[in-house]
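This report covers the ligand shell, the domains, one helix pair and one sheet of a single chain. The structure is shown first.

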Amino acid sequence: MNVPQLNIGNLSAKLPIIQGGMGVRVSLAPLAAAVANEGGIGTISSIGLADVKLSGANFLRNSLEALRKEIRLAQSITQGHLAVNVMGVTCNAYDLVRTAVEEGIEMIAFGAGLPLKLPALVEDPDVNLVPIISSPRAASLILRTWHKKYNRSVSAFILEGPLAGGHLGFSTEQLQHPEQFTHEILLPELLLAVKPFEDIYGKKIPVIAAGGIFSGFDIARMLQLGASGVQMGTRFVCTEECSVSSEFKQAYLDAKEEDIIIVKSPVGMPGRAIRNRFIRSVENREKGRIKCAFRCLSACKIENARYCIAEALLNSYSGDVDRGLIFCGQNASRIKHIVTVKRLMDELVIELEQNLTSKTQHQEMTQAYQQVSL
Ligand SMILES: Cc1cc2nc3c(=O)[nH]c(=O)nc-3n(C[C@H](O)[C@H](O)[C@H](O)COP(=O)(O)O)c2cc1C
């Protein structure tokens, strides 16, 4: 069977795979371009590109310039499809969006906050606006607001479930019951929520499933459930093209299932990370002992924070993992090797082709999936 391509607005990717944006220099130009070269959509993260400590008062300007540089570098190594990830919790989110659009980026994946005003900022209909959400309710609110205020629909939604890496759109309580928020439950609800707006605008609103997608089997499963594609983060960390230090990648290879835990980030959202020396030391720390040179995250509750998250993520990126936070998805412990992006994508496509089934096989697959995912 043929692997379906992923159509988002005017963009047509050969493969239904998006490499998700991963902040603080995890998904930079080399990774995003490699994914785009293989036919997927590669996402450059706009988060934490400038050094908070070194930049001082120039932090804002430096982060925009760093993003510009990263986009240009990626564009110089691929003709494929590139997106930029922006998080609503950053103090300069809208400036980062503007910079990405100025540089000709064709898709903005906007997470960690509801992008209710995004269409006012990006009027060009050729720029695909893709909110990352974790509930059909959030999707409905965005759709209703954009329709009423801007007469515009989203280009797609990325539905990020509770098994994803990085900051999560669920409460700590909800994360204790991931079985209540599976794609099996959320995807059909989301497809129902977008339907009226597909009718109004006369076009499909693709839904991309993210969080815990590990193999081609999982991708096939998401397509069977009605997703148009998947977004994957964790698996792309252990690729040669990912820019993080070898120590960061080794922490993934060494992680056991029980090492992967939910942490409370100073941003106020829960996140998933590897329980390492850094996390253990933070658990024993008092609150409010840190100094902040610049409020890079508007949502950061600095008075209660036990550590600076930008600094902790930067430490891991550069190899000082004992003093660093290592974000990862629930399935990080299943990764056994560091491979090239090409090898990973080839493997995913072979598995996907093997598992793209006819409807008669669908039931068997549902049972098998439930057994492996629970
Ligand atoms: C190390 C890491 C950093 C991440 N950083 C971000 C981020 O800055 N912004 C964002 O929207 N999502 C972020 N994510 C989420 C990914 O984009 C992706 O949606 C998610 O990881 C998918 O789940 P998976 O890791 O199980 O494949 C991050 C994930 C990881 C593993």
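## The sheet with β9

In this predicted model, strand β9 and strand β13 (residues 270–274) run antiparallel and are joined by two bridges. His 167 stands opposite Gly 271 in β13. Both strands belong to an open sheet of three strands, ordered β9-β13-β12, in which the pairing is antiparallel. β9 and β12 (260–264) are the edge strands, each pairing on one side only.

## Two domains

The domain assignment divides the chain into domain 1 (6–244 + 336–373) and domain 2 (246–334). Their C-alpha centres lie 22 Å apart. Domain 1 brings 32 residues to the contact and domain 2 brings 30 residues. On the side of domain 1 that touches domain 2, at least two residues come from each of α2 (52–55), β9 (166–167), α7 (172–175) and α10. The residues of that side comprise 17 nonpolar, twelve polar and three charged.

## The ligand shell

Where does the ligand lie with respect to domain 1 and domain 2? The ligand lies between them, because domain 1 (6–244 + 336–373) and domain 2 (246–334) both give residues to its shell. There are 29 residues around the ligand, and those that come nearest are Gly 20, Gly 23, Gly 165, Gly 233 and Gly 329. β5 (81–87), β11 (229–232) and α10 (234–237) each supply at least two residues of this shell. By class, the shell holds 13 nonpolar residues, 15 polar residues and one charged residue.

## Helices α1 and α3

Helix α1 (residues 29–37) and helix α3 (residues 59–77) have axes that come within 9 Å and cross at roughly 35°. The crossing of α1 past α3 is right-handed. From α1, Ala 29, Ala 32 and Ala 33 take part, and they meet Glu 70, Leu 73, Ala 74 and Ile 77 in α3. The residues of this contact divide into six nonpolar, no polar and one charged.

## Residue classes side by side

The table sets out the make-up of the three groups of residues described above.

| Group | Nonpolar | Polar | Charged |
|---|---|---|---|
| Shell around the ligand | 13 residues | 15 residues | one residue |
| Side of domain 1 that touches domain 2 | 17 residues | twelve residues | three residues |
| Contact of α1 with α3 | six residues | no residues | one residue |

Two elements can be followed through several sections. α10 supplies at least two residues of the shell around the ligand, and at least two of the side of domain 1 that touches domain 2. β9 also supplies at least two residues of that side, and is an edge strand of the open sheet.

Note on methods:
Residues numbered from 1 in each chain as written. Predicted model: local features only at pLDDT ≥ 70, side-chain atom pairs only at ≥ 80, totals over all residues. Near = placed C-beta within 6 Å. Helix = DSSP H or I, 4+ residues; strand = E, 2+ residues; numbered from the N terminus. Nonpolar A, V, L, I, M, F, W, Y, C, P; charged D, E, K, R; others polar. Domains from an automatic or database assignment. Contact = placed C-beta atoms within 7 Å. Axes fitted to C-alpha atoms, helices over the stretch in contact; angles between N-to-C directions. Left-handed = near helix turned anticlockwise from the far one by under 90°. Pairing = 2+ DSSP bridges.
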